[in-house]
Amino acid sequence: MSGFTLHDLQCFDAVIREGGFQAAAAILHRSHPAVFAAVAKLERQLGLDLLDRSGYRVRATEAGQSLHRRAQAVLREFEGLRTHAAQLAMGAESELHVVVGDLCPRPPLLGLLGRFFAAEPGTRLHLHFEAVGGPAERLFDDRADLILHRIDKGDPRLDWIDLGTVPFVPVVAPGFLSFAPSRAIRPQQLRDYTQCVIRDSAWHSPQRDFFLIEGAQQCTVADHAMKKEIVLQGLGWGHLPRFLIEDELADGRLLSIAGRYLPGHREELVAARRNDRPHGPVATRLWRHLAEQAPLVSAGTVSAAARASAGPGTRRARR
C-alpha cells in the first residue's frame, strides 16, 4: 500500500458529507473529475471499496464509514495546525473590532478595555454596540473579532469566557398600573399596558421574542438606558437588568412585579470569539486579559444576581 495524501482525504470527506461528487467538488472549489480521481486513487491505494455508488447518492461502505471517522480526526487536527500557523505568521493587528452587547454592565467592561488598549497604542479599537441578536450576527459575518454578550454555548465554532450572570427584572413605575403591583400578576393583566422592548439590531438573523404580551401595544427602543427612562416616566413597563436599576428599586422609583407568572430571567454574559478563525497577537493578549479579569467581572454580576428576585427564564430572546 503506497501513501495517500491529505488532498485525497479531504475529497473523500467532502463526498461523504455532501452525498455526491458534484457537491463535494463545489465546496472544495475543484473539478468533478479531480475529486472523483482523488477518491478512486485512495480506494486503489488502500485496496478497499470506500463508497457504494449503486444508488442515486453515493454512500459510504462499512469500511468507508470506519475510515471516515478516523479521517475526520486527522482533518480537524490539520485545520487546527493551519490556524496556528496563520496566527504565528500574523503581525500585530492595526485594528480590532469589539462588540459590546446590551447585556453588559458598561462601566467595568469599558474600563477593562480602556486599560488594555492604553497599553496597545499600535492597535486601534473599533467599538460597536449591538442588541439581542446583533452581536452574534457581527461575529459570524466576520465583522467582529470579539463580542461581550450572550451566545449559544453549544455552537462548536465558538470559544467563550464566562463573565457572570445578569438578572433581568420586570418593573413598573409607581402608579403605572391601575391595580396594586404584586407577585401574583398574570401576563394577561398587562395586555392593556404598553410594553417596552429592546429592538433587535441584527439585520438578517431570525428575530427572537421574550415574554411579549400577546395583543399588547409595544414601544421599541435601541438600548436599556432609554428603556429604563421610558419605564421611569410611566410610559411603559419592561424587563431591565438588575445592575441598571438597583438604586431605583431601593428608593421606590421602580417596583418589581416579578413573581410566579412573570419570573424574570437570567442571561449568561460571556466574552466570545470564533475558534475557526486565526487570532493575531493583540487579540490573543486581549483574550488572556479577559480571562484573567473574568473573576472580578463575574463577582460583580454574581453579587447582583444574589440580590435579584427574578427567577430563571428563557434565554436567547428579545427582551
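**View 1. The buried residues of helix H8.** In H8 (residues 242-251), the buried residues are Arg 242, Ile 245, Glu 246, Glu 248 and Leu 249. "Buried" here means under 20% relative accessible area, "exposed" means over 50%, and "partly exposed" covers whatever falls in between, all with a 1.4 Å probe and protein chains only. Helices (H or I, at least four residues) and strands (E, at least two) are DSSP runs, numbered from the N terminus. Right after H8 comes Gly 252, with a positive phi of about 90 degrees. Bear in mind that this is a predicted model, in which local features need pLDDT of at least 70 and side-chain atom pairs count only at pLDDT 80 or more, while totals for chains, interfaces and linings use all residues. Residue numbers start from 1 along each chain as its sequence is written, and side-chain values use heavy atoms, with hydrogens and water left out.

**View 2. H8 packed against helix H7.** H7 (residues 224-232) and H8 have their axes 11 Å apart, at an angle of about 25 degrees. The axes are lines fitted to C-alpha atoms, for helices over the stretch in contact, and angles run from 0 to 180 degrees between N-to-C directions. The two helices therefore count as roughly parallel: that label goes to angles under 35 degrees, with over 145 being roughly antiparallel, 65 to 115 roughly perpendicular and the rest oblique. H7 passes H8 in a right-handed crossing; a crossing is left-handed if the near helix is turned anticlockwise from the far one by less than a right angle, and right-handed if clockwise. On the H7 side, His 224, Ala 225, Lys 228 and Leu 232 meet Leu 244, Ile 245 and Glu 248 of H8. Contact just means heavy atoms within 4.5 Å.

**View 3. Helix H1, end to end.** H1 covers residues 6-18, and its 13 residues should span 18 Å at 1.5 Å a residue; the end C-alpha atoms are indeed 18 Å apart, so the two agree. The expected figure is 1.5 Å times one less than the number of residues. The buried residues of H1 are Asp 8, Leu 9, Gln 10, Cys 11, Phe 12, Asp 13, Ala 14 and Val 15. Just past the helix, Gly 19 takes a positive phi of about 80 degrees.

**View 4. H1 crossing helix H2.** The axes of H1 and H2 (residues 21-28) come within 8 Å and cross at roughly 120 degrees. That makes the pair oblique. The crossing is right-handed. H1 brings Gln 10, Cys 11, Ala 14, Val 15, Arg 17 and Glu 18 to the meeting, and H2 brings Phe 21, Ala 23, Ala 24, Ile 27 and Leu 28.

**View 5. Asp 8 and its partners.** This acid lies in H1, and Asp 8 is buried because its relative accessible area is 1%. Its side chain makes a polar contact with the side chain of Lys 41 (3.4 Å). A polar atom of the Asp 8 side chain also lies 3.1 Å from the backbone nitrogen of Thr 5. A polar contact is a pair of N or O atoms within 3.5 Å; within protein, one must be able to donate a hydrogen and the other to accept it, and residues adjacent in sequence count only if both atoms are side-chain atoms. Neighbours within four places in sequence aside, Asp 8 is in contact with Ala 38, Lys 41, Leu 42 and Gln 45.

**View 6. Arg 274 in strand E11.** Arg 274 belongs to E11 (residues 265-274), and at 6% relative accessibility Arg 274 counts as buried. Its side chain has a 2.8 Å polar contact with that of Asp 276. Not counting residues up to four places away in sequence, Arg 274 touches Leu 139, Phe 140, Asp 142, Arg 157, Leu 158 and His 279. Pro 156 is 118 residues from Arg 274 in sequence, yet their C-alpha atoms are 9.1 Å apart.

**View 7. Two loop residues with positive phi.** Most residues other than glycine have a negative phi. Asp 142 has a positive phi of about 60 degrees although it is not a glycine. Asp 142 lies in the loop between helix H6 (134-140) and strand E5 (146-149), and counts as partly exposed at 48% relative accessibility. His 29 also has a positive phi, near 60 degrees. His 29 is in the loop between H2 and helix H3 (32-46), and its 74% relative accessibility counts as exposed.
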